[in-house]
Amino acid sequence: MNKEKTSNHIDNEGFYGEFGGAFIPEMLHPNIEELKSSYINIIEAEEFQKEFKELLRNYVGRPTPIYHAKRLSEHYQTQIFLKREDLCHTGAHKINNALGQILLAQKLNKTRIIAETGAGQHGVATATACALMGMKCVVYMGAVDVERQAPNVARMKMLGAEVIPVESGSKTLKDATNEAIRDWITNPRDTHYIIGSVVGPHPYPDLVARLQSVISEEIMSQMPEEPSHIIACVGGGSNAIGAFYHFLDKEQVELIGVEAAGKGIHSNETAATLTLGNTGVLHASMTTLLQTKDGQVIEPHSISAGLDYPGIGPQHAHLHQNKRVKYVSATDDEAVKAAFLLTQKEGIIPALESAHAFAYLEQQKWKSTDRVLINLSGRGDKDLSTYTKYNPY
Amino acid sequence: MRLEELLKQETKPLLSIYFSAGFPQIDSLPVLLESLESAGADMVEIGIPYSDPISDGPTIQHSNSIALENGISLELIFQQLESSSTTIPKIMMGYFNSILQFGVEAFCERCSETGITGIILPDLPLEIYQKKYQKTFEKHQLSFILLITPETSEERIRLIDNHSTSFIYAVSSAGTTGTKKGIQGAKKYLQKIQSLNLKTPVMVGFNISRPEDFKFASKYTRGGIIGSAFIKHIENSNHLSQDTHQFIKYIKS
């Protein structure tokens, strides 16, 4: 592998190489400064770690198991292991971050929580954490997503969250994020913004990565032998960073991030940011994004609302540039086929997002000695109507 | 006229008007410049329409979308500026990604060729500006205008004061552009700014939509900046020049 020797981690100013930083309006300066100066001390303190770990164990159900998928392994003539994040409370890895950040918000004496959500998984996780802690919760969700993810909207409302449909722009995740940022600008004192992925201004990408790194920490101790490959889907990229985190400096482990190609990378209806995008600023971070030559953000497409994002976390942009992680893409069709195969072979219905990671199994020739670990980031209950409409067989 | 000259010369309250280029029609910019100049506005802030304007409320988001649908681009804005013979001091306001894609050096060069003397980029913070772009902006004699808000600490206001070359843009309350709550609630904050005796003149923006708001802002600072209220006023205009004159007359009444 022809790889430059650059750090895989963040520098003191919040940059990963040329990516990251905090391109924030002055209105957010005090909030970001407060977070930046305190997040590491808070989350690494013994008291925080004790509370957080206890919640992860008894409330989320961690550690999540590693499951040796024997029939799928046989199908691909290799050894496949699944990290079962789909078994987390609320059905996906998103809860790890939401609980960590709500504890952080309490330490910062915040009383009101805001969040953005696309598919609704992060919104549900945040609403859950807020219900648990008795905090006020406002979730911004694109009006289009409110319509196509109705069950998650109902869950958030039952959990006591106020769900605000966002009517601006393309009415999807990007616009929900803009609106959450505007809310934070308007309510700088009492509010903490729980960003759902490794995106946004520094220190969010690093904060969310640290909170999700429990995934790779567990993988290290659970796998009988070190995996040869770790595969994860990438939208903003939080489950992927979580699964890669402790392996970033172990170069013998091949790391693969799978983006959503939508209807194909040449179809103009795609979310394959690293394949097609270039450097720019989105949601206060220098990263790779889908944009016109004038720098207007292009609306992406993916069958999976959780991967339907025109940018990507700055650490991924960096790991792509320094070639530590291999980034590939899978189309809507490939993802749905992979989901049906997993369901039929193993009795596990994956989230549409996670199905993209499984689609990569088709794209490479595997050796019988490979130990391929796939991060099964969420379960597919929320996607049943899409699956039944889309059955490729 | 250059921005710095205006601020030095005039002692009367200064009225700055913001509008989005390419709005309401793609070629409205030259007409608006002429009308604002003849109607007696003191400076203009030309908005570069962007798909994701995170500091702006619904009115300016909407004018941005319309302008983009109309087909406006930064290059077209510069061409329209070249065709205008107005001398009113001109500032450009936009989001950093537009400038980054155009090329920072090329952008500064075009600004200085087309009579732009000040730049507001709300999402390019002072620290990154200093480290990476200050030299380029200075080479082209562009004043980088920084914002302060009611949440900005005195220490940081002083830092911003030290790095400002034309005026400081004081945001009157926490929030995005386009609320109509007036700025009377910002009295303490404006008094505080006044008491700091900053070396740089201050102009107030956000929440100014009526004559009494403008008067109030001018009582404590060098003047006021109006955006959303003007954009609403010209949104469905068939007589841009006439409607602009009417608006300026109203605000100064």
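## Where two domains of chain A meet

**View 1. Chain A comes as two domains, each built from two stretches of sequence.** In this predicted model, domain 1 covers 16-56 + 94-208, while domain 2 covers 61-91 + 213-389. Take the centres of the two domains over their C-alpha atoms, and you get 22 Å between them. Domain 1 of chain A puts 39 residues into the contact, and domain 2 of chain A puts in 39 residues as well.

**View 2. Here's the surface that gets buried between domain 1 and domain 2 of chain A.** It adds up to about 3,100 Å², and carbon and sulfur atoms give 60% of that area.

**View 3. Zoom in on Arg148(A) and Asp308(A), whose side chains meet in a salt bridge.** The N to O distance for this pair is 3.1 Å. How many salt bridges are counted between domain 1 and domain 2 of chain A? The count is one. Polar contacts are there too: 18 residue pairs make them across this interface, with both residues at pLDDT 80 or more.

**View 4. Now look at the side of domain 1 of chain A that touches domain 2 of chain A.** Elements giving two or more residues to this side include strand S2 (19-20), helix H4 (94-107) and helix H5 (121-133) of chain A. Helix H7 (150-158), helix H8 (173-186) and helix H9 (204-212) of chain A are also among them. Which element gives the most? That's H8(A), with five residues. Sorted by class, this side of domain 1 has 17 nonpolar, 16 polar and six charged residues.

Technical notes:
Residues are numbered from 1 along each chain as its sequence is written. Chains are lettered from A and ligands numbered from 1 in the order in which they are written. This is a predicted model: local features need pLDDT of at least 70, side-chain atom pairs count only at pLDDT 80 or more; totals for chains, interfaces and linings use all residues. Side-chain values use heavy atoms; hydrogens and water are left out. Domain bounds come from an automatic or database domain assignment. Contact means heavy atoms within 4.5 Å. Buried area is the accessible area (1.4 Å probe) that two parts lose on being put together, summed over both. A salt bridge is a side-chain nitrogen of Lys or Arg within 4 Å of a carboxyl oxygen of Asp or Glu. A polar contact is a pair of N or O atoms within 3.5 Å; within protein, one must be able to donate a hydrogen and the other to accept it, and residues adjacent in sequence count only if both atoms are side-chain atoms. Helices (H or I, at least four residues) and strands (E, at least two) are DSSP runs, numbered from the N terminus. Ala, Val, Leu, Ile, Met, Phe, Trp, Tyr, Cys and Pro count as nonpolar, Asp, Glu, Lys and Arg as charged, and the others, Gly among them, as polar.
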